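Here is a friendly walk through some helices and a couple of single residues. Please keep the structure open beside the text.

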Amino acid sequence: MFYLKKKETLDSLLDVANKSEEERFRETVKAVSERLGEERARESGLRIRGNLAYIPKHGNAIVVGDLHGDLNSLERILRKTNFVERVDKGEKLMLVFLGDYIDRGPKQLEVLNMVLGMKRNFPENVVVLRGNHEVTPLSQSFSGEESFLNKLVGRYGYDGVNIYRGLELLFDRLPLAAKTENGILFVHGGVSEKVKGEASLIYALELREDLTWSDPRNISGVAPNVERGVGVYFGKDVLEEVLKSVKCNVLIRAHEPVKDSGEMFDGKLLTVFSSGMYKNYDKDYRVGYGYVSLEREVENVKGILQPL
Ligand SMILES: [Mn+2]
């Protein structure tokens with residue numbers, strides 16, 4: 001494992017991400033992959049079992065929703081929260097990314113590089129979840145001009161095979177869910193009736209689509225997710241059952257742009273969306289990040305979403 005020896009500043013990390021040089025990118029992907037392997041073998045601290053990451057009691061967490069190539073939003077969140085300096089000074093602080101780093105936006109390689117750079121530099125303080133866009137094999141991912149694959153090929157050529165394979169290995173190692181000791185469950189999309197206890201989150205590979213593609217709706221039970229064609233719509237009753245079964249109180253997820261507070265189901269669910277590029281389509285979308293305690297029991301999501 002080659003951690004970086006030199007202390008990086010936010011500006012130097014952004015500079016590395018903006019350049020996205022092939023060799024450095026490949027090293028970062030490899031280093032983070034190795035680190036994720038280590039987290040699977042640990043008994044304490046930040047650790048992963050199967051598809052589930054365990055986040056220790058560690059001060060507060062900054063929660064970042066979909067970025068989709070919006071490096072500007074990520075930079076603003078990091079500047080506003082002063083994450084790098086606070087961690088360097090020894091403050092207990094976590095940074096939880098909820099997935100969807102790539103596709104659609106203008107700086108996809110740069111965002112992925114920045115997210116992975118943060119994990120590489122602050123391995124104990126950063127959690128990187130898998131979104132529905134972090135697809136393997138890469139050849140089956142989102143297609144078209146604004147796809148990540150197109151950006152990868154455009155930048156590194158078809159011969160950038162080491163990066164492609166490295167990224168596939170990395171995406172497959174990203175956890176689908178994370179839980180805290182104070183009652184929070186994090187996923188990219190949502191839950192379904194198939195989540196029955198912690199073991200199902202850890203072992204069930206067939207949950208991947210449900211966890212990364214689903215959306216909450218004011219229904220009872222589950223229904224086919226007709227807008228997306230994958231995953232489900234889930235109601236408050238399903239969420240409550242799932243939360244009880246995994247010993248959590250609230251769900252924090254991303255995946256959908258929000259216009260209001262992002263709160264649903266009487267404060268049991270919060271949607272965090274951090275990509276500003278959707279404002280091009282609708283200026284009412286609310287771009288933000290979450291800020292939440294990892295120490296005090298969290299019973300309600302009220303007050304967690306911070307505007308950006
Ligand atoms: Mn998504």
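Which residues of helix 10 (residues 236-245) are buried? They are V238, L239, V242 and L243. The model you are looking at is a predicted one, so please read what follows in that light.

**Helices 10 and 3**

The buried residues of helix 10 span an arc of only 130° around the axis, so they sit on the same side of the helix. A general point about helices helps here: an α-helix has 3.6 residues a turn, so residues three or four places apart point the same way. The buried residues of helix 10 pack against strands: strand 7 (184-187), strand 8 (215-216), strand 9 (222-224), strand 10 (232-234), strand 11 (250-253) and strand 13 (269-271). Just after the helix comes K247, with a positive phi of about 55°.

Helix 3 (residues 71-81) can be read in a similar way. Its buried residues are L71, S73, L74, I77 and L78. Viewed down the axis of helix 3, these residues fall within an arc of 165°, so they line one face of the helix. Their cover includes helix 1 (10-19), helix 4 (83-88) and helix 5 (108-121), along with strand 3 (60-64) and strand 14 (288-293). Helix 3 is followed by N82, which has a positive phi near 60°.

**Two helix pairs**

Two packed helices are described by the angle between their axes and the distance between the axes. The table gives both for two pairs, together with the hand of the crossing.

| Pair | Angle | Axis distance | Crossing |
|---|---|---|---|
| Helix 1 and helix 5 | about 140° | 8 Å | right-handed |
| Helix 2 and helix 7 | roughly 25° | within 9 Å | left-handed |

Helix 1 and helix 5 pack at an angle of about 140°, and are therefore oblique to each other. On the helix 1 side, the contact is made by L13, L14, V16, A17 and N18, while helix 5 brings E110, N113, M114, G117, M118 and N121. By class, this contact has 6 nonpolar, 4 polar and 1 charged residues.

For helix 2 (residues 22-39) and helix 7 (residues 161-173), the axes cross at roughly 25°. That angle makes helix 2 roughly parallel to helix 7. Helix 2 contributes E22, F25, R26, V29, K30, V32, S33, L36 and G37 to the contact, and helix 7 contributes N162, I163, G166, L167, L169, L170 and R173. These residues divide into 8 nonpolar, 4 polar and 4 charged.

**Two single residues**

Is L10, in helix 1, buried, exposed or partly exposed? L10 has 17 C-beta neighbours inside 10 Å, so it counts as partly exposed. Beyond its neighbours within four places in sequence, L10 is in contact with L78 and V84. L78 is also one of the buried residues of helix 3. The C-alpha atoms of L10 and E85 are 8.3 Å apart, although 75 residues separate them along the chain.

L294 lies in the loop between strand 14 and strand 15 (305-307). With 21 C-beta neighbours inside 10 Å, L294 counts as buried. Setting aside residues up to four places away in sequence, L294 touches I55, K57, H58, G59, N60, A61, M94, T180 and N182. For N182, the C-alpha atom is 6.0 Å from that of L294, and the two residues are 112 apart along the chain.

Terms used:
Residues numbered from 1 in each chain as written. Predicted model: local features only at pLDDT ≥ 70, side-chain atom pairs only at ≥ 80, totals over all residues. Buried ≥ 20, exposed ≤ 12 C-beta atoms within 10 Å, placed from the backbone. Helix = DSSP H or I, 4+ residues; strand = E, 2+ residues; numbered from the N terminus. Arc of directions from axis to C-beta. Contact = placed C-beta atoms within 7 Å. Axes fitted to C-alpha atoms, helices over the stretch in contact; angles between N-to-C directions. Parallel < 35°, antiparallel > 145°, perpendicular 65-115°, else oblique. Left-handed = near helix turned anticlockwise from the far one by under 90°. Nonpolar A, V, L, I, M, F, W, Y, C, P; charged D, E, K, R; others polar.
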